[in-house]
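Here's a short tour of one protein model. Keep the picture open as you read, and look for each part as it comes up.

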Amino acid sequence: MSEFKPIHRANDEYGELTVLDDGQYRVLAFGDNDEQSKLDKASPHLPQHSYIQAMLAALLFNTPKSAIILGLGGGALVHALKHYDSAIKMTAVELRAPVIEAAKRFFQLPIGKKLKLVNQDALEFIASAEHKKVDIIFADIYSEQGVDEQQVSSAFFEQCQAKLKQGGLLVLNCWKEHSKDDALKQRLQSQFNHVYACLTGSGNWVIFASQVDCNFNLANNKAALQELSQQLDFNIARVLTRFDEWV
């Protein structure tokens with residue numbers, strides 16, 4: 001079994017980040033025993049983490065022309081979305097400049113006219129009125145300590161709701177523990193009429209919230225799952241075994 005070796009280190013006010021490589025895979029880490037992003041260098045469009053795969057289930061319920069990604073990491077969502085439809089306009093917001101540089105230099109980030117990179121605090125970005133409304137907002141704001149508290153705040157949900165088009169979708173990556181957080185559920189339901197979620201095998205709680213019913217029943221439709229699996233090049237049904245309304 002090949003061993004991961006560090007090929008790049010960087011520091012900023014938030015701590016250290018390391019890029020590791022074993023020949024086949026490349027990993028972005030923020031701390032010891034931490035794996036923020038993982039890339040198969042031969043197939044960069046294939047997300048290696050089940051929570052990223054689960055977040056992409058949003059494509060069952062929405063065919064986006066535009067998306068905001070909060071928390072870039074190694075760019076796994078960017079890669080997968082570009083493979084799904086190269087015409088999607090994406091804005092990826094990342095707090096840490098060294099993360100953006102690492103994604104571009106070591107993670108084959110598909111730079112082009114359809115991808116805008118913003119080095120800014122995600123809540124500040126969402127709170128500003130400068131960006132046009134989009135079809136999907138993917139929120140995956142993590143630090144070495146875990147989920148950023150601003151990602152589960154009322155203010156954040158309100159600002160996201162204001163940035164979504166009619167029928168738009170907010171997708172949140174949280175921890176398993178959040179599935180028991182009734183206050184979080186109530187904060188979401190105060191902004192969104194429909195809140196669904198699924199638990200992944202990796203212990204993540206992925207939430208889908210919208211003002212309208214986006215045909216969430218398609219998560220249990222074999223034909224729809226098969227079609228999206230072919231488009232994304234992995235079996236998405238495997239990570240949606242517990243998809244249901246959060247009530």
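## Sorting the residues

Let's start with a bit of vocabulary: Ala, Val, Leu, Ile, Met, Phe, Trp, Tyr, Cys and Pro count as nonpolar, Asp, Glu, Lys and Arg as charged, and the others, Gly among them, as polar. The model is predicted, so local features need pLDDT of at least 70 and side-chain atom pairs count only at pLDDT 80 or more, while totals for chains, interfaces and linings use all residues. Residues are numbered from 1 along each chain as its sequence is written, and side-chain values use heavy atoms, with hydrogens and water left out.

## The empty spots

Rolling a probe the size of a water molecule over the atoms shows where empty space is left. A cavity is a set of points, on a 1 Å grid over the protein atoms alone, where a 1.4 Å probe fits but cannot get out, and its lining residues have an atom within 4 Å of a point. Grid points are joined across faces, edges and corners, and the volume is the space filled by probe spheres set on the points. The whole structure has two cavities of 30 Å³ or more.

The largest holds about 60 Å³, and its lining splits into six nonpolar residues, four polar and one charged. Among them are Ser37, Lys38, Leu39 and His79. Strand β4 gives the most to this lining, with three residues; strands (E, at least two residues) and helices (H or I, at least four) are DSSP runs, numbered from the N terminus. The second largest cavity has a volume of about 30 Å³, and β4 and α1 (50-55) each supply at least two of its lining residues.

## The sheet

Where does β4 sit? β4 (37-40) is an edge strand, as is β1 (5-12), in an open sheet with the order β1-β2-β3-β4 and antiparallel pairing. Two strands pair if DSSP finds at least two bridges between them; β3 (residues 25-29) and β4 have four. Tyr25 stands opposite Asp40 in β4.

## Two unusual loop residues

Gln108 has a phi near 55 degrees, a positive value in a residue other than glycine, and sits in the loop between α4 (97-106) and β7 (115-119). Asp233, not a glycine either, has a positive phi of about 75 degrees, in the loop between α8 (222-232) and β14 (244-245).

Are they buried or exposed? Gln108 is partly exposed at 37% relative accessible area, and Asp233 is partly exposed too, at 43%. Buried means under 20%, exposed over 50%, and partly exposed in between (1.4 Å probe, protein chains only).

Notes: On a 1 Å grid over the protein atoms alone, a cavity is a set of points where a 1.4 Å probe fits but cannot get out, and a pocket is an open set with protein on both sides within 12 Å along at least five of seven lines; lining residues have an atom within 4 Å of a point.
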